[in-house]
Amino acid sequence: MKKKDVVIIGGGVIGTSIAYELTKRGKSVALVEKDTIGAHASSAAGGMLGAQVEFAEPGPLFDLSLRSRLMFPDLQKELYAASGIDIQLKTPGMLRVAFTEEEKSTLMKQAEWQTAMGLPATWLDTKEVRRMEPAVTDGIVGALFLTEDTQVSAPDLTKAFAVAAAKHGAAITENCEAIEFYRQGEQMTGIETTAGKLEADEYVIAGGAWSGKIMKQLGHSLPIFPVKGEAFSVLSIPHPIEKTIYSHGCYIVPKSGDRLLVGASVKDCGFDARLTIDGLQQLMAKAVRLLPVIKDCPLEKTWASLRPQTADGLPYFGRLSAYNNVSIAAGHFRNGILLSPITGQLIAQLLSGEATAEALEPFTDIRHSIPVSQ
Ligand SMILES: Cc1cc2nc3c(=O)[nH]c(=O)nc-3n(C[C@H](O)[C@H](O)[C@H](O)COP(=O)(O)OP(=O)(O)OC[C@H]3O[C@@H](n4cnc5c(N)ncnc54)[C@H](O)[C@@H]3O)c2cc1C
């Protein structure tokens with residue numbers, strides 16, 4: 001293959017978003033994916049764009065999440081025009097319920113600092129919640145109503161990024177693993193894949209939970225590791241809920257086709273992504289407690305996948321400090337779908353010599369990269 005401007009390793013929502021943004025800027029791109037596009041976390045996700053619900057305090061990742069959430073309405077139109085795929089952006093909002101007074105007071109604090117920043121976050125008592133969503137249990141003490149926290153179909157978003165990137169000229173190769181990396185000093189000169197050698201001016205590691213392994217192959221230790229999430233979906237009666245219902249350890253997201261998606265366990269089991277009875281049983285019990293009608297719904301499917309987590313909870317993006325032509329975009333843990341548009345935009349801006357819309361310092365590898373002792 002002819003030398004490209006950029007080679008991307010990993011075809012999840014992060015790698016495909018970067019490919020899309022780069023090709024929009026006229027860059028020639030090759031993307032390699034060891035399995036199939038979206039085969040792992042990116043298709044397992046609930047698709048929540050939970051910029052407000054996911055954060056107990058403000059910080060640089062919160063700011064980035066808000067900016068990324070704002071990008072979705074335009075992105076939906078853009079991706080539909082370029083790929084013909086509807087990412088199914090749904091905007092009825094989210095209810096973060098509390099079962100105890102203690103949870104309520106934590107959520108009230110969250111509402112306080114978010115409303116002080118001008119964001120909508122309203123506390124509703126049990127009656128008000130049930131007026132809005134009558135199927136939710138009356139065993140709650142209330143809920144925080146977050147009108148701006150929305151959702152998309154995660155598998156469709158990933159596919160749409162990939163199809164749109166390919167339409168703009170990206171060469172996407174599935175079942176193609178990057179297995180070896182060639183370097184001369186601070187310059188990466190090529191990668192060996194299971195389908196042959198690739199060369200580019202710039203390289204991007206977007207290998208999700210496997211990014212730490214790739215970094216080791218490059219001779220550096222970066223704390224990115226897998227955290228398993230189990231989930232299931234049911235077929236429901238039409239519209240038992242309109243909003244996403246989110247509680248401690250369980251959320252229920254209404255999807256097209258009268259389906260409810262229920263997620264997700266959080267387990268540290270290395271690269272073992274198998275479902276367990278224990279994980280499913282606990283999740284099902286939490287779902288029934290939250291939305292009793294779910295008990296009689298036929299089970300549609302079950303699945304599990306690996307979220308890419310980091311030691312300090314912040315993703316990595318930006319150029320790797322040990323190279324002058326290798327960047328990373330990995331470690332988005334529970335929020336990779338939400339953060340995918342802004343990540344694609346920032347990496348594409350960086351590699352196109354544009355000013356990045358956000359400061360990347362808090363997210364670069366400077367904070368952790370350690371050479372692996374031989
Ligand atoms: C059950 C569950 C629910 C979730 N719910 C949400 C949610 O509601 N909202 C949200 O924002 N986020 C959610 N997430 C998190 C989100 O799914 C992830 O943060 C996101 O998908 C990470 O994307 P990624 O592209 O970095 O990783 P991945 O999707 O894992 O993609 C990385 C890809 O790189 C490939 N790869 C690795 N090594 C190589 C190599 N050497 N050569 C070639 N290819 C390679 C892998 O095969 C993989 O396909 C959820 C995750 C799980 C598991």
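This is a chat about how to read a few features of a predicted model.

Colleague: Let's start with the domains. Where does the domain assignment put them?

Modeller: A domain can be pieced together from separate stretches of the chain, and that happens here. Domain 1 takes in 4–72 + 154–223 + 311–371, while domain 2 is 89–150 + 226–310. Their C-alpha centres are 28 Å apart. Where they touch, 30 residues come from domain 1 and 29 residues from domain 2.

Colleague: Which elements give two or more residues to the side of domain 1 that touches domain 2?

Modeller: Those are helix 2, strand 3 (48–49) and helix 3. Sorted by class, that side of domain 1 has 17 nonpolar, 10 polar and three charged residues.

Colleague: Now the ligand. How many residues surround the ligand, and which are the closest?

Modeller: Think of a shell of residues around the molecule. Here the shell has 43 residues, and the closest are Gly 10, Gly 12, Gly 208, Gly 229 and Gly 336. Both domains take part: domain 1 and domain 2 each give at least three residues to the shell.

Colleague: Which helices and strands supply at least two residues of that shell?

Modeller: Helix 1 (13–24), helix 2 (41–44) and helix 9 (336–351) do, along with strand 14 (224–235) and strand 18 (299–310). As for chemistry, the shell splits into 21 nonpolar, 16 polar and six charged residues.

Colleague: Helix 1 and helix 9 are both on that list. How do I read the packing of helix 1 against helix 9, parallel or oblique?

Modeller: Look at the angle between the axes, then at the spacing. The axes of helix 1 and helix 9 come within 8 Å and cross at roughly 40 degrees. That angle is why helix 1 counts as oblique to helix 9. The crossing is right-handed. Among the residues in the contact are Val 13, Ile 14 and Ser 17 of helix 1, and Gly 336, Ile 337 and Ser 340 of helix 9. The whole contact divides into 10 nonpolar, six polar and one charged.

Colleague: And what about helix 1 with helix 6: what is the angle, and how far apart are the axes?

Modeller: The angle is about 35 degrees, with the axes 8 Å apart. This crossing is left-handed. Helix 1 brings residues including Thr 16, Ala 19 and Tyr 20, which meet residues of helix 6 including Leu 157, Phe 161 and Ala 165. By class there are nine nonpolar, four polar and no charged residues in this contact.

Colleague: Helix 6 also packs on helix 3. How do I describe that pair?

Modeller: Same recipe. Helix 3 (residues 60–83) and helix 6 (residues 154–167) meet at an angle of about 55 degrees, and their axes are 8 Å apart. The two helices are therefore oblique to each other, and helix 3 passes helix 6 in a left-handed crossing. Helix 3 uses Leu 79, Ala 82 and Ser 83 here, facing Ala 160, Phe 161, Val 163, Ala 164 and Lys 167 of helix 6. That gives six nonpolar, one polar and one charged residues.

Colleague: Last one: the backbone. Which residues does a cis peptide bond join?

Modeller: Check omega for that. Gly 263 and Ala 264 are joined by a cis peptide bond, with omega about -25 degrees. Ala 264 sits in the loop between strand 17 (259–263) and helix 8 (277–290).

Colleague: And what is phi of Gln 88 near?

Modeller: Gln 88 has phi near 60 degrees, a positive value in a residue other than glycine. You'll find Gln 88 in the loop between helix 3 and strand 4 (94–98).

Methods: Residues numbered from 1 in each chain as written. Predicted model: local features only at pLDDT ≥ 70, side-chain atom pairs only at ≥ 80, totals over all residues. Near = placed C-beta within 6 Å. Helix = DSSP H or I, 4+ residues; strand = E, 2+ residues; numbered from the N terminus. Nonpolar A, V, L, I, M, F, W, Y, C, P; charged D, E, K, R; others polar. Domains from an automatic or database assignment. Axes fitted to C-alpha atoms, helices over the stretch in contact; angles between N-to-C directions. Parallel < 35°, antiparallel > 145°, perpendicular 65-115°, else oblique. Left-handed = near helix turned anticlockwise from the far one by under 90°. Contact = placed C-beta atoms within 7 Å.
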